[in-house]
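Got a structure open and wondering where all the labels come from? Let's take some of them one by one.

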Amino acid sequence: MKDWKNDMPTSLRGITNRARKDKNARFGNLYGLLNENNLRWCFHQLKKKAAAGVDRVTYREYEQDLENNLSRLVEHLKRKNYRAKLVRRKHIPKGGGKTRSLGIPVLEDKLLQLACAKILSAFYEEDFLESSWGYRKGRGPREASQVLENELHQGKYGWVVEADIKSFFDHIDHDWMIRMLEERVNDQAFLRLIRKWLKAGVLEETGEILHPATGTPQGGVISPVLANVYLHYALDLWFERGVKKRYAGGTTIMRYADDFVCAFEHKADAERFMEELPERLKKFNLEVAKEKTRSLPFGRFKETENETFEFLGFEYRWVRRRTGKMGVQRKTAPGKLRKSIGAFKEWIKGYRHNRIRVIMRAVNLKLRGYWNHYGVRGNFQRLSHLYHKVNQLLFKWLNRRSQKRSYTWEEYAKMCTRHNICTPRIVEKPLQPDLFRG
């Protein structure tokens, strides 16, 4: 089978090479890259089981007549009469009575958005700073947390500012977004296509149709790239070219999507940043989430003062190691641990009617995903705690499949062995020496 993901078109490789050599280059004729060959390449990278949009067209249905569908789509693009469809909005519970809105475009919009995201990434990946993580290949949350731990341990920092942007995806300013893209894009047809998605109407679950003046729906294929571009100009460059040069002591920042953590050598610099940040974000129609933003002491020589903070699902703290030396330690954040256990409880209650092999296969997938995210050095105790709770819940609810008890603990253990249930494991590897440095 052909490896569609790794078979990057020559046109995109050429763009990447030019962007690497010329940081001021502006790229034209990008709209022309939305041809049948590139769209076919992108189509095979779409999620086959993703939810359908308002037109209810699924991946499999579109695939049945793929060549004619692509030919018709390209013809619409050439005639400049392509119209973005309504985005179906779904509200996902995220705990605490709050929800996260998820936008679900129709399949053709997903396809075109993926193609445009690939084009944008071809040159913006050469622009993004080392402090930019999230929605980027090879820069997942576990790797980011490891890099942050290493930077805090190695650097001469005494204060940390953890920050969050309030409803970031809902407040992206469309005019600013286009102005930012124009720094690298010299193709108005391509930009008009992106603006169509930014302006696309949203179909709420109630049936109401909204036409938002700002924002881009979370769930849109192109949204992650646009988010990184927006914060590259609004935050990353400002910190790199302004904050680092103006502040007296050492500073560093790590941004993962719209969450970020900054570290400062001096308390005065941390306080100054807390004052300047809201004004900087306000310029781009953004606002700090005050309840999630704070400054706290966090340094090697502040053992009695140090506080803990959370980032990417991990709790960070300074601890005294067995050698007697101080070091930064990551563990699963207590709230995330409780949430994971609660989510598993709700899942097994509703899934226990399936066959045992189906249940255990799904349990294994969930545990592997958890170990892949939280399987870091120093976190084995909390991995084991989750594993113990999962086994307790499995034993309880599998024994409630009928009025008669199905398993003793000994029989349950044998069943887990038979289905090769994966036990807690540390998957983290040592950092590459040059991977990141503030």
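Below are questions and answers about the labels used for this structure.

Q: What kind of model is this, and which parts of it count?
A: It's a predicted model, where local features need pLDDT of at least 70, side-chain atom pairs count only at pLDDT 80 or more, and totals for chains, interfaces and linings use all residues. Residues are numbered from 1 along each chain as its sequence is written, and side-chain values use heavy atoms, with hydrogens and water left out.

Q: How do you know how many helices and strands the protein chain has?
A: You count DSSP runs: helices are H or I runs of at least four residues, strands are E runs of at least two, and both are numbered from the N terminus. That gives 14 helices and 12 strands for the protein chain.

Q: How do you know whether the radius of gyration agrees with a compact globule?
A: The radius is taken over C-alpha atoms, and the globule rule is 2.2 Å times the number of residues to the power 0.38. For 438 residues the rule predicts a value near 22 Å, and the protein chain has 24 Å, so the two agree. Those C-alpha atoms fill a box of roughly 70 × 65 × 45 Å along the principal axes.

Q: Why is C42 called buried or exposed?
A: Buried means under 20% relative accessible area, exposed means over 50%, and partly exposed is in between (1.4 Å probe, protein chains only). C42 has 1% relative accessibility, so C42 counts as buried. C422 is buried too, because its relative accessible area is 4%. Over the protein chain, buried residues make up 50% of the 438 residues.

Q: How do you know how many disulfides there are?
A: A disulfide is a pair of cysteine sulfur atoms within 2.5 Å, and a search of the whole structure finds 0 of them. Take C42: the nearest cysteine sulfur belongs to C116 and is 8.8 Å away, and C42 is in no disulfide. For C422 the nearest one is that of C416, 11 Å away, and C422 is in no disulfide either.

Q: What makes β4 enclosed?
A: Strand β4 (residues 159-164) has 6 of its 6 residues buried, so the rest of the structure largely encloses it. In a regular strand the side chains alternate between the two faces of the sheet. Here both faces are covered, with W159, V161 and A163 buried on one side and V160, E162 and D164 buried on the other.

Q: How do you know which strands β4 pairs with?
A: Two strands pair if DSSP finds at least two bridges between them. β4 has 6 bridges to β8 (residues 259-264), running antiparallel, and 4 bridges to β9 (residues 294-297), also antiparallel. E162 has V261 as its bridge partner in β8 and stands opposite R294 in β9.

Q: What makes β2 and β6 edge strands?
A: Look at the open sheet of 4 strands, in the order β2-β1-β5-β6 with mixed pairing. β2 (99-104) and β6 (209-210) each have a single partner strand, so one side of each is left without a neighbour in the sheet. Strand β1 (residues 87-93) joins β2 over 6 bridges in the antiparallel sense, with K90 opposite L102.

Q: Why is the pair of F27 and F123 called stacked?
A: Rings of Phe, Tyr and Trp (its six-membered ring) pair if their centres lie within 6.5 Å; planes under 30 degrees apart count as stacked, over 60 as edge-to-face and the rest as tilted. F27 and F123 are 4.8 Å centre to centre with 15° between the planes, which fits stacked. F27 lies in the loop between α1 (10-21) and α2 (36-43) and F123 in helix α5 (residues 107-124), so the pair ties together parts that are 96 residues apart in sequence.

Q: What kind of pair do W409 and Y412 form?
A: They're edge-to-face, at 5.6 Å centre to centre and 85° between the planes. Both are in helix α14 (residues 409-418), 3 residues apart, so about one helical turn separates W409 and Y412.

Q: What makes R400 count as sitting over the ring of W397?
A: NZ of Lys or CZ of Arg must be within 6 Å of the ring centre and within 35 degrees of the ring normal. The charged end of R400 is 4.9 Å from the ring centre of W397 and sits over the ring. R330 likewise lies over the face of F314, at 5.8 Å from the ring centre.
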